[in-house]
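Hi there,

Here is the structure I promised to pass on. Please have a look at it first, and then read my notes underneath.

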Amino acid sequence: MKQVRYNYKTRVTFSDAIHSHFFLLRCTPQQNGYQQVIMEKCHVYPQENIRTATDSLGNKMYSGFIGDRHNYFEFEASGEVKLSDSYVLDEKLNRLYLYPSVYTRPDTAILELLNAASLNADDSVTDKVVKLSDALYRSLEYSPQTTDINTTAAQALKIGKGVCQDYTHLLISLCRSAGIAARYVAGLIEGEGYTHAWVEYYDKGYWRAIDPTHNRLIETGYIKLSHGRDYDDCSIERGVFSGIVQQQLEVQLTVGVNECQ
Amino acid sequence: MHTLIQQKEAVNKWLERIGVRFGVYKGGVFHEQLFPFDPIPRVISRKDWAFIEKGLVQRVRALNLFLADIYGDKQIVSDGVIPEEFIYSSKGYLPQCEGIMPSKKVYVHIAGIDLVQARDGSWIVLEDNLRIPSGASYPIIARTITRKVSPHTFEYNKITDNRNYPSLLRKTMDYVNVDNGLSVVLTPGRFNSAFFEHSFLAEKTETILAFPGDLVVENDKLYYKGIFNSRERVGVIYRRVADEFLDPLVFDKTSLLGIPNLMQAYAKGNVAVMNAPGNGIADDKGLCYFVPKMIEYYLQETPMLQNAPTYLPYFSDDRKYVLENIRNLVIKDVSEAGGYGVMFGRDMNAEELDNIKRLITNEPRRWIAQEVIDFIDLEVLEGAESVYRKADLRAFILSGETVEVWQSGLTRFARQQDSFVVNSSQGGGFKDTWIEK
C-alpha cells in the first residue's frame with residue numbers, strides 16, 4: 001500500500017480566438033478496488049461551470065461549455081490516491097471486451113503475430129498475455145511521432161513503430177483474437193512526463209494489468225484514469241469549438257506522480 | 001381510376017412545383033431528383049390491412065422491448081435466444097447507450113417496416129427501419145394533390161384518409177416530451193437527401209425546424225437559440241441526423257451536424273430523442289432473422305408476419321446451404337442500407353460468385369442470404385402504356401402511449417422490368433397506398 005500525489009496539466013493554445021467551445025474530460029482517477037481516491041481537484045481555465053457525469057463504461061466525466069472568445073484552454077487535475085500492492089479488480093465481465101473495436105480490429109498481420117506467439121491451450125491466461133506482449137515487443141519499435149491518435153492497431157504494426165497507445169491497441173487486438181477479454185486503460189505513471197496507456201485483461205473473475213510498452217506485468221505504481229474498448233473511449237480531453245484556427249498546440253505542462261512522505 | 005390516369009402529368013407537375021424531391025450523391029456530387037409518381041394507387045383491402053396492422057404492432061412492441069433489454073440486462077442473450085456475437089459485433093450496437101432509459105421507455109417512436117406481398121397473397125417483412133425511416137411525406141402530398149386534381153375519385157371510392165400522419169407524429173412527440181419543452185425537428189441541412197421531408201414535417205406538425213447550429217446543450221439541458229441569443233428549453237427532438245453524427249463529443253468527433261453534449265442531456269432524462277440513439281442494433285440485417293424469436297420471447301405470442309426465408313452463414317448448416325445454393329439467393333451485406341450491398345446470385349458471373357463465397361467463408365457474420373421472393377408486380381404507367389413492376393410497401397408505425405399504424409404507406413416500385421430494387425436512391429418511383437374503409 002502506498003499513497004501517491006499526482007499533478008497533471010495540459011494547455012491547448014489556438015492561433016486565433018475561438019468561441020462556443022464544448023469540452024469533455026476524463027482526467028481524474030477512478031475509484032476502484034486497486035486504487036482509492038483520497039482527494040481530487042480538477043480546474044479548467046477559462047473557468048466555467050463544470051458538470052460531472054459517469055459514462056456508460058463507468059468513467060467519470062467533466063463537461064462544460066465556454067461561450068466567450070478565448071485563445072487557450074487549460075485543465076489541471078491533481079490529487080492523492082492510495083494504491084494497493086496488487087493491481088487486481090474484482091468485476092463482472094462486460095463481454096463487449098471480447099470483440100474487436102474500431103482501433104483494434106485485427107488484420108492478417110496481427111493474426112500472424114498471434115500465431116507466432118505459439119500459445120498453448122494449457123497456458124494460464126497471464127502466461128498467454130505475457131507471450132503475446134513478448135511477441136509484440138519484438139515486433140514494434142518505440143518511436144514517438146511516427147503514429148498519431150488516429151492510428152489503428154493494424155496500421156501501427158505495418159509501420160512497425162509506435163507509442164504506448166499503439167502497443168496497447170495491438171496487445172488488445174491480440175488478446176481478443178486469442179479469446180481473452182482485454183480493455184484499454186488511460187492513466188499516469190511515475191517519471192514519464194506524459195499520460196500513459198496500458199492493457200487490462202480478464203482472468204477468471206478479475207481484471208489484471210500489463211504494460212506492453214515496457215513489456216511488464218503491472219503490480220502497482222500506476223494510476224488509472226479511465227477504461228474502454230480502445231483509445232476512443234478514453235480520450236482525456238475531447239472538444240469542439242467554432243473559429244478559424246491555424247494551429248492547435250497541445251502542451252503537457254506537467255505530469256508528476258510522487259510518493260507521499 | 002380513369003381520371004387519375006389522365007391526371008398523371010398534372011400531379012407530377014404539382015409535385016415538381018411544390019418541390020417534392022430527394023437528393024442523391026453520385027460520385028461525391030449532390031444532385032436533386034424528383035421522385036417519380038405513378039397515378040395508379042396500390043389498394044389494400046380492409047381485411048388484408050387488419051392483418052398487416054396487427055402484425056406490425058406486434059413486431060414493433062417486441063422490437064421496443066428488445067432495445068430496452070439490450071441496453072439493460074440482455075436477458076435475451078443470457079437465455080441463449082440470440083448469440084452475443086450478433087450484438088457486440090454489430091455496428092448498430094452503441095455501448096454509449098448502455099443503461100440509458102429514454103423518456104416513457106419508448107425507443108422506436110417511428111418504425112418504417114418494408115413489406116412485400118408474395119404471389120400467394122401473404123405479406124412478408126423484408127426489413128425493419130428503426131433509425132430514421134424516411135418517405136412518409138410523399139404519399140401525403142401525392143394524396144393531397146390527387147384530391148385537388150381529381151376530387152370525385154375520393155367521393156366514389158371509400159378510402160381511408162392518410163393526411164393525419166403529422167398529427168400522429170405530433171401525438172408521439174407530445175407523449176415523450178420532457179418538461180413540456182419545445183418540439184423540434186433537427187435536420188442536417190438542405191444537402192440531406194430527405195431535406196424536403198424534414199421541412200414538410202416540421203411545418204405540418206407545427207414544430208420548429210432546427211439546423212445544427214440552432215441547438216445547444218447547457219447544464220445538461222437542450223435549448224433552442226432564438227434571436228438575440230435567447231434560449232428556449234427543448235423537450236423533444238425529432239432528429240433526422242444519424243447516430244454517428246449526433247454528438248461529436250461521444251460519437252464521430254469530426255461531425256459538424258451534431259450537438260455537443262446532447263447525449264448527456266439525453267442520459268440524464270432532460271430531453272427525449274426520437275428515434276432513440278442505438279436503435280441500429282435492432283434493425284441490423286443480421287438481427288432481422290431473430291425478430292420472430294423476439295416476439296415469442298418477449299410477448300409469448302406467435303409471430304403474425306413472417307420474414308423472408310433468411311440464412312445466417314454464421315451458423316454452419318446455413319453456411320453450407322448458402323454456399324451450395326448461392327445462385328438462387330440474394331446476398332446482403334449487413335452493414336449497408338438503401339439498396340447498397342445487395343447482390344443476386346443469379347446475376348453474378350463465376351468469378352464474382354467465387355469472390356462472394358470467399359467473403360462469406362471468411363466473414364460469415366457480415367452476410368445474410370435470403371430466398372428470392374417472387375413478389376407480385378403492380379401496374380405502372382409508362383407513357384401511355386401500362387406495364388408491371390416489382391413493388392414493396394413501407395408501413396409507418398408510430399409509438400407513444402399506444403402503437404398505431406398509419407393507414408397508408410409508401411409504395412415504391414422498380415423502374416426497370418425484372419428489377420427487384422425499389423429504393424428511391426436507386427431510381428425507383430412511388431405510388432399512393434389506399435387502405436379501404
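Below is what I found, chain by chain.

First, the conventions. This is a predicted model, in which local features need pLDDT of at least 70, side-chain atom pairs count only at pLDDT 80 or more, and totals for chains, interfaces and linings use all residues. Residues are numbered from 1 along each chain as its sequence is written, while chains are lettered from A and ligands numbered from 1 in the order in which they are written.

Chain A has an average pLDDT (the predictor's confidence in each residue, from 0 to 100) of 90, and 93% of its residues score at least 70. Within chain A, confidence peaks in strand β11 (residues 206-211) at 98 and is lowest in β15(A), at a mean of 66. Helices (H or I, at least four residues) and strands (E, at least two) are DSSP runs, numbered from the N terminus.

The domain assignment (automatic or from a database) splits chain A into domain 1 (2-84 + 236-259) and domain 2 (88-234). Their C-alpha centres are 24 Å apart. Each of the two domains of chain A gives 21 residues to the contact, where contact means C-beta atoms, placed from the backbone, within 7 Å. On the domain 1 side, β1 (2-25), β5 (70-83) and β15 (248-259) of chain A each give two or more residues. That side has 12 nonpolar residues, eight polar and one charged. Here Ala, Val, Leu, Ile, Met, Phe, Trp, Tyr, Cys and Pro count as nonpolar, Asp, Glu, Lys and Arg as charged, and the others, Gly among them, as polar.

Some backbone details in chain A may interest you. The peptide bond from A:Y45 to A:P46 is cis, with omega near -5°, and A:P46 sits in the loop between β2 (35-45) and β3 (50-54) of chain A. A:S20, in strand β1 of chain A, has a positive phi near 45° without being a glycine. A:S20 counts as partly exposed because it has 16 C-beta neighbours inside 10 Å (buried is 20 or more, exposed 12 or fewer, partly exposed in between, with C-beta atoms placed from the backbone).

Chain B contains 14 helices and 21 strands. Its radius of gyration (over C-alpha atoms) is 22 Å, close to the 22 Å from the globule rule (2.2 Å times the number of residues to the power 0.38) for 437 residues, so chain B is as compact as a globular protein of that length. Of those 437 residues, 46% are buried.

Best wishes
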